[in-house]
Amino acid sequence: MSAGHPKPRVGVLPASRRRAVHWISIGTWVTGAVWLVFKYFVRVPDDFGCDGPHPMQHWWLVAHAVIAVFAVWMFGVLWPGHVLSGWRSHLRRKTGGTLFGVAAWLTLTGVALYYIGSDAWRDWVSILHWAVGLAALAAFLLHRRHAERGRPHRH
């Protein structure tokens, strides 16, 4: 670094990338949560008067899957400059490690939901996926809060 230029802080994301992470994260979480509401609480009567799935349930799942592809891509983008550099510098390891575990779990169970042939297994994996997915918001906010604590305040 030349004189007069501040040294870049480890793991700090440029504003545009931080916004992209936030929007992709929000989109993934909201579409998953709304799908969950439609799956378990929004039902419509079918031709025989029995409760069936609302037609939008499918489209919320499709939207969730599409945005999740971007979430996995963004995780790959963050890996070298944010995840690894933060880990090596011992910064926010608890919240970052938790968030990494959550992202890995959601990725693996999301892929498993696509490929599992057994309805019984799919039902269990689905519950394990969405339970961790709902909790992912807390993990993300905790990691973000710890990052903000280390950031200098602007006056």
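Let me start with a pair of side chains. Asp119 and Arg122 meet in a salt bridge, 2.8 Å from N to O. One caveat before I go on: this is a predicted model.

Back to the pair. Asp119 and Arg122 are 3 residues apart in helix H4, so about one helical turn separates them. How exposed is Asp119? Its relative accessible area is 54%, and the cut-off for exposed is over 50%, so Asp119 counts as exposed. Arg122 is at 27% relative accessibility, so Arg122 counts as partly exposed. In general, side chains of opposite charge can pair when their charged atoms come close. How many salt bridges does the count give? The count comes to 1.

Now the overall layout. The chain has 4 helices and 2 strands. Reading from the N terminus, the order is α-β-β-α-α-α. There are 155 residues, and 20% of them count as buried. The chain exposes about 11200 Å². Carbon and sulfur atoms supply 70% of that area. On contacts: take those with a separation of 6 or more. Residues 24 or more positions apart account for 66% of them.

Next, the inside. Which residues make up the largest nonpolar core? There are 5: Leu13, Val21, Ile24, Met74 and Leu78. Two elements each supply at least two residues of this core, H1 and helix H2, residues 55–88. The general background is that nonpolar side chains tend to be buried together in soluble globular proteins.

Look at Val21 in that core. Set aside its neighbours within four places in sequence. Val21 is then in contact with Leu13, Met74, Leu78 and Phe140. Leu13, Met74 and Leu78 are themselves in the core list.

Stay with helix H1 and move to Thr28. Thr28 has a relative accessible area of 16%, and under 20% means buried, so Thr28 is buried. What does Thr28 touch, leaving aside neighbours within four places in sequence? The contacts are His64, Ile67, Ala68 and Ala71.

On to helix H3, residues 93–115. Is its span what 1.5 Å a residue would give, or what else do we find? Here are the numbers. H3 has 23 residues, so the helix should span 33 Å. The end C-alpha atoms are 32 Å apart, which agrees. Which residues of H3 are buried? They are Thr95, Val102 and Thr109.

Hold on to Thr109, and cross to Val125 in helix H4. Val125 is at 12% relative accessibility, so Val125 counts as buried. Thr109 and Val125 are 16 residues apart along the chain, and their C-alpha atoms are separated by 6.5 Å. Val125 touches Thr109, Ala112, Leu113 and Ile116, not counting residues up to four places away in sequence.

Now the other end of H3. Arg93 lies in this helix. Its relative accessible area is 30%, so Arg93 is partly exposed. Beyond neighbours within four places in sequence, Arg93 is in contact with Trp87 and Thr98. Arg93 and Val83 are 10 residues apart along the chain, with 9.6 Å between their C-alpha atoms.

Just before that comes a loop residue. Where is Leu91 found? In the loop between H2 and H3. Leu91 has a relative accessible area of 37%, so Leu91 is partly exposed. Leu91 and His146 are 55 residues apart in sequence. In space they are 9.6 Å apart, C-alpha to C-alpha.

Last stop, the surface. Val37, Tyr40, Phe41, Trp124 and Ile127 form a nonpolar patch there. Together they have about 570 Å² of accessible area. Which elements give two or more residues to the patch? Helix H1, residues 15–40, and helix H4, residues 119–150. Take Val37, which lies in H1. Its relative accessible area is 40%, and a patch residue needs over 30%, so Val37, being partly exposed, clears that cut-off.

To recap. H1 supplies at least two residues to the largest nonpolar core, and H1 also gives two or more to the surface patch. H4 holds the Asp119 and Arg122 pair, and H4 is also where buried Val125 sits.

Notes: Residues numbered from 1 in each chain as written. Predicted model: local features only at pLDDT ≥ 70, side-chain atom pairs only at ≥ 80, totals over all residues. Heavy atoms only, no water. Patch = residues over 30% accessible without salt bridge, like charges linked within 9 Å, V, L, I, M, F, W, Y side chains within 5 Å. Areas by Shrake-Rupley, 256 points an atom, 1.4 Å probe, with all protein chains shown as cover. Salt bridge = Lys/Arg side-chain N within 4 Å of Asp/Glu carboxyl O. Buried < 20%, exposed > 50% of the residue type's maximum accessible area, 1.4 Å probe, protein only. Contact = heavy atoms within 4.5 Å. Core = buried A, V, L, I, M, F, W, Y, C linked by side-chain atoms within 4.5 Å. Expected span 1.5 Å × (residues − 1).
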